[in-house]
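Here are some short exercises for getting to know a protein model. Try each task on the structure before you read the solution.

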Amino acid sequence: MFSFHHVFDHPMGRGFPNRFSTQYRCYSVSMLAGPNDRSDVEKGGKIIMPPSALDQLSRLNITYPMLFKLTNKNSDRMTHCGVLEFVADEGICYLPHWMMQNLLLEEGGLVQVESVNLMVATYSKFQPQSPDFLDITNPKAVLENALRNFACLTTGDVIAINYNEKIYELRVMETKPDKAVSIIECDMNVDFDAPLGYKEPERRAQNHDEPTEEDGDHSSYAEMEMGFRAFTGSGNRLDGKTKGIEPSPAPLTPSDFKRGIPNYDFKVGRITFIRNSRPQPRKNFEDVSK
């Protein structure tokens with residue numbers, strides 16, 4: 001007699017019929033065989049899965065874009081990602097190096113891959129892991145351009161972006177409206193936290209003990225005055241003696257410092273020439289003729 005219990009024991013016959021869930025051995029992209037350079041995988045947040053995964057996903061009612069939750073059950077670490085291609089060997093998936101570090105996975109480690117639906121991001125906050133990120137002229141534009149290779153973000157992850165042949169790591173400090181969000185075709189506000197290890201430049205505190213003009217100390221004027229002040233030097237005696245030749249200059253007074261007087265009658269577009277010499281008296285024509 002035909003029995004139905006084998007049908008219900010099948011993975012597709014119970015649980016969540018529209019959910020993809022399987023386990024793969026994961027490797028970094030550098031282990032992917034083939035002549036093509038797959039450095040583009042390292043620059044984003046997408047993985048490479050085997051063709052059987054595409055076949056199974058096509059038979060399920062999966063919402064697009066395809067997003068997955070990756071879990072390392074040994075370390076209880078998880079993250080989220082998208083899929084780039086289905087060209088990996090069966091039973092294997094290839095991950096970016098930064099993603100394997102977040103999951104604490106070694107080469108050949110087991111990772112659980114599950115299909116998920118994530119809310120669209122509206123806000124995200126990042127913390128650069130090095131002050132070198134501040135050397136970029138427009139860090140916000142660089143980050144937004146790099147995030148085009150990502151499908152989703154997870155709070156707590158440390159992502160890696162490549163700019164000007166240098167790798168910059170940024171920790172995802174916060175995402176809204178959920179701790180894991182989709183960033184495909186979204187209008188997301190991006191904010192930055194202070195880089196890890198960054199120290200603000202020290203500001204020199206103003207010394208309030210320094211004398212000011214109101215205090216009546218005119219020593220600063222003496223340093224600024226470049227004019228000539230007579231009889232301030234020392235003299236020499238003909239007999240060679242030094243007694244009585246030491247100068248005893250009088251103390252400086254505010255009148256010794258010439259300060260400019262502003263021209264209160266100044267008008268824009270008018271130039272006034274002020275001469276210190278007194279004008280010569282005009283001679284009569286009769287005096288000249290004599």
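Before starting, keep in mind that this is a predicted model.

**Exercise 1. Explain how Arg59 and Asp55 are placed in helix α3, and classify each by its exposure.**

Step 1. Arg59 and Asp55 are four residues apart in helix α3 (residues 51–59), so about one helical turn separates them.

Step 2. Look at the side chains: Arg59 forms a salt bridge with Asp55, and the closest N and O atoms are 3.5 Å apart. Side chains of opposite charge can pair when their charged atoms come close.

Step 3. Now take accessibility. Exposed means over 50%; Arg59 has a relative accessible area of 55%, so Arg59 is exposed. Asp55, with 44%, is partly exposed.

**Exercise 2. Find the parts of the chain that the salt bridge of Lys166 and Asp132 links.**

Step 1. The side chains of Lys166 and Asp132 meet in a salt bridge, at 3.5 Å from N to O.

Step 2. This pair links distant parts of the chain: Lys166 belongs to strand β11 (residues 166–176), while Asp132 sits in the loop between β8 (123–128) and α5 (139–146), 34 residues apart.

Step 3. Both residues are checked for exposure in turn. Lys166 is partly exposed at 36% relative accessible area, and Asp132 is partly exposed at 33%.

Step 4. For another pair, turn to Glu174, which forms a salt bridge with Lys176, with the closest N and O atoms 3.8 Å apart. Glu174 has a relative accessible area of 30% and is partly exposed; Lys176, at 40%, is partly exposed too. The count for the model comes to four salt bridges.

**Exercise 3. Describe the largest cavity and say which strand gives the most to its lining.**

Step 1. The count comes to one cavity of 30 Å³ or more, and the largest cavity has a volume of about 40 Å³.

Step 2. Its lining includes Gly45, Trp98, Phe150 and Asp157. By class, the lining holds five nonpolar, four polar and one charged residues.

Step 3. Strands β4 (77–85) and β9 (152–154) each supply at least two lining residues. With three residues, β9 gives the most.

Step 4. Domain 1 (21–116) and domain 2 (123–192) each contribute at least three residues to this lining.

**Exercise 4. Locate the largest nonpolar core and the helix that gives the most to it.**

Step 1. The largest nonpolar core has 44 residues, and among those with the most contacts inside it are Phe20, Met49, Phe126 and Leu147.

Step 2. Helix α4 (residues 97–103) gives the most to this core, with four residues.

Step 3. This core also draws at least three residues from each of domain 1 (21–116) and domain 2 (123–192).

**Exercise 5. Spot the unusual backbone angles.**

Step 1. Start from the general rule: most residues other than glycine have a negative phi, and most peptide bonds are trans.

Step 2. Where are the cis peptide bonds? One joins Tyr64 and Pro65, with omega about -5°; Pro65 lies in the loop between α3 and β3 (67–72). Another joins Lys176 and Pro177, with omega about 10°, and Pro177 is in the loop between β11 and β12 (180–182).

Step 3. For positive phi, look at Leu104, with about 55°, in the loop between α4 and β6 (109–116). Glu165 has a positive phi of about 60° and is exposed, at 79% relative accessible area.

Note on methods: Residues numbered from 1 in each chain as written. Predicted model: local features only at pLDDT ≥ 70, side-chain atom pairs only at ≥ 80, totals over all residues. Heavy atoms only, no water. 1 Å grid on protein atoms, 1.4 Å probe; cavity = no way out; pocket = protein on both sides within 12 Å on 5 of 7 lines; lining within 4 Å. Points joined across faces, edges and corners; volume = space filled by probe spheres on them. Nonpolar A, V, L, I, M, F, W, Y, C, P; charged D, E, K, R; others polar. Domains from an automatic or database assignment. Buried < 20%, exposed > 50% of the residue type's maximum accessible area, 1.4 Å probe, protein only. Core = buried A, V, L, I, M, F, W, Y, C linked by side-chain atoms within 4.5 Å.
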